Amino acid sequence: TNASLAPKVLPLFRLVQLTGKLRISKLHRICHCLVELYLSTLIESRRTDGEKEKLLNLVELTLRDLCGQKTGVQVVLRFMLEAAINSNYAAYLCSQGGEVSALKRTRIKQNSKLFEENFKFGCMPVQPLGSSTVFHAGVIGEGKRPEQEAHPVGEEERVLLRQRLTGTIFRLCESTISKDEGCKKLCLILVELISPDIMYNGIPWPEDDFIKVTMERDLSITQLIWKHPLIWNLLELLALHKPALSYGSVLIRAIVSVCITHWQSSVCGRIQDYPLQLDITRKVVTLMGSAQFIPQQLAILPQILHILDPSQLHCILVDIWNYMKVNVPGPDIFQVCQTTGLVYRDFGPYENYKPYCDRLRMVMVGRIEEVSQLFKVCYVDGIKSSSHQHHVGSVNGNSEPVLGDTSGPQRANQSAEVIQLE
């Protein structure tokens, strides 16, 4: 493909418009070329900002037209995600330089044999061998590691590139007939690309003892997501488009299992000594709160991490796992408010999930002077609100909140909000 012709060809392509169905081979080829053009233009520095913006908009509009074709959105999203994770473009989007699978440092392989290496000492040893005879021991592994290359762009620019690509991917999802269907397909493609195993990728959560069976896969998933902040961005947006993230339950389950195993085996008394695992734990629990996988009383965990030690954090994560095991995060747990159209989850009265919150509540009671306001909002006002909502629904003969009740859909995303402490 000739990128210099794109500004002239794409307007003609959109002017003709696609009136019929394309053959899958032609659709595959066109989408591949357009995604390649989009990403190459996104990281290109030779064009001016105006020219780059115009070309990116043209490519995006063309891709949105192609998403109207049968299987078009799947092909486009797959190309986008594969290029962002497993190609040379990943260097412009990732945050951990030199550790992306596409940029694995290939060490110089030694082709010479050990027999030939011994000749480098000048001559082969002869009999009888004395006490000072030296043999070459060979090369351990694949030799000396090459020097780590610098990132092609700075961190701020990588953040801007990730935001631009994330917005494009979600606009492509919205270009389909159903926005929810587009987000669902995006989540399923993420699972297929990230999970290295075709088994145990379902929505239900197993017993916590099952963690040891999938630990290798869970470590692979967690490492890949951590290396690619773009995936975090996509998961965070999917969490807001309920119930899309339910189809990516295996990704959340993998990260939580790694966190549980880490804090269980931690021998340090302070969780601050593990900033990486602490950040991953904070992100995944926040993500579960945004998606309303867990109730508000458990979703506040990221805001009180500073008062916990590793053993307490491990036990609370096990409680969250047990809650998810009993309350499967399937798409059928959400409902749509008839008046506002907002998708939300009704957790029911606090008594339904009280056993999973008791440990966290007792830890907060022990440090009540530090988290008093947060405790009041979640474990006093929140419990009253859920009990009142359940009572009103029972009186009206349904579980949907009545108009004027601020404890229903208007507060459906409260578990995702960070409560500011004064």
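In the predicted model, Arg171 and Glu60 meet through their side chains in a salt bridge, with N and O 2.5 Å apart. This pair links distant parts of the chain: Arg171 belongs to helix α6, Glu60 to helix α3 (residues 49-66), and the two positions lie 111 residues apart in numbering. The two partners are placed in unlike surroundings. Arg171 has a relative accessible area of 32% and is therefore partly exposed. Glu60 has 6% relative accessibility, so it counts as buried. In total, the count comes to 16 salt bridges.

A second pair joins Glu207 to Lys325. Their closest N and O atoms are 3.0 Å apart in this salt bridge. Here too the link spans distant parts of the chain, 118 residues apart: Glu207 sits in the loop between α7 and α8, and Lys325 in helix α13. Glu207 is partly exposed, with a relative accessible area of 45%. Lys325 is also partly exposed, at 25%.

A third salt bridge brings together the side chains of Glu370 and Arg367, at 2.7 Å from N to O. Glu370 counts as partly exposed because its relative accessibility is 35%. Arg367 falls in the partly exposed class as well, at 29%. Elsewhere, Arg78, Glu82 and Glu192 are joined into one network by salt bridges that share partners.

The overall fold is described next. The secondary structure comes to 15 helices and 2 strands. The protein has 422 residues, of which 45% count as buried. Contacts between residues at least 6 apart in sequence were examined; 74% of them join residues at least 24 apart. The exposed surface is about 22400 Å², and carbon and sulfur atoms supply 54% of it.

Helix α6 (residues 155-174) also holds Ile169. This residue has a relative accessible area of 0% and is therefore buried. Beyond residues up to four places away in sequence, Ile169 touches Leu77, Met80, Leu81, Leu186 and Leu234. The C-alpha atoms of Ile169 and Gly182 are separated by 10.0 Å, and the two residues are 13 apart along the chain.

Helix α13, which carries Lys325, runs over residues 310-326. Its 17 residues should span 24 Å at 1.5 Å a residue, and the end C-alpha atoms lie 25 Å apart, which agrees. Of those 17 residues, 12 are buried, so α13 is largely enclosed by the rest of the structure. The buried residues are Pro310, Leu313, His314, Ile316, Leu317, Val318, Asp319, Ile320, Trp321, Asn322, Tyr323 and Met324. Their cover includes α10 (249-265), α11 (275-290), α12 (296-299) and α14.

Helix α14, part of that cover, comprises residues 354-366. Its 13 residues reach 18 Å from the first C-alpha to the last, close to the 18 Å expected. The helix nevertheless bends, by about 25° at Leu360. Leu360 is itself buried, as are Tyr356, Cys357, Val363 and Met364. An α-helix has 3.6 residues a turn, so residues three or four places apart point the same way.

Helix α8 also has 13 residues. They should span 18 Å at 1.5 Å a residue; the end C-alpha atoms are 18 Å apart, which agrees. Buried positions in α8 are Met215, Arg217, Asp218, Ile221, Thr222, Leu224, Ile225 and Lys227. Charged residues are thus listed beside nonpolar ones, including Arg217, Asp218 and Lys227. The buried residues of α8 are covered by elements that include α4 (72-86), α7, α9 (229-240), α10 and α11. Both α10 and α11 also help to cover the buried residues of α13.

The loop between α7 (179-194) and α8 (215-227) holds Tyr200. Glu207 lies in this loop too. Tyr200 has 39% relative accessibility and so counts as partly exposed. Together with Ile198, Met199 and Val213, Tyr200 makes a nonpolar surface patch of about 440 Å².

Conventions:
Residues numbered from 1 in each chain as written. Predicted model: local features only at pLDDT ≥ 70, side-chain atom pairs only at ≥ 80, totals over all residues. Heavy atoms only, no water. Helix = DSSP H or I, 4+ residues; strand = E, 2+ residues; numbered from the N terminus. Expected span 1.5 Å × (residues − 1). Bend = angle between axes of the 7 residues up to and from the residue. Buried < 20%, exposed > 50% of the residue type's maximum accessible area, 1.4 Å probe, protein only. Patch = residues over 30% accessible without salt bridge, like charges linked within 9 Å, V, L, I, M, F, W, Y side chains within 5 Å. Areas by Shrake-Rupley, 256 points an atom, 1.4 Å probe, with all protein chains shown as cover. Salt bridge = Lys/Arg side-chain N within 4 Å of Asp/Glu carboxyl O. Contact = heavy atoms within 4.5 Å.
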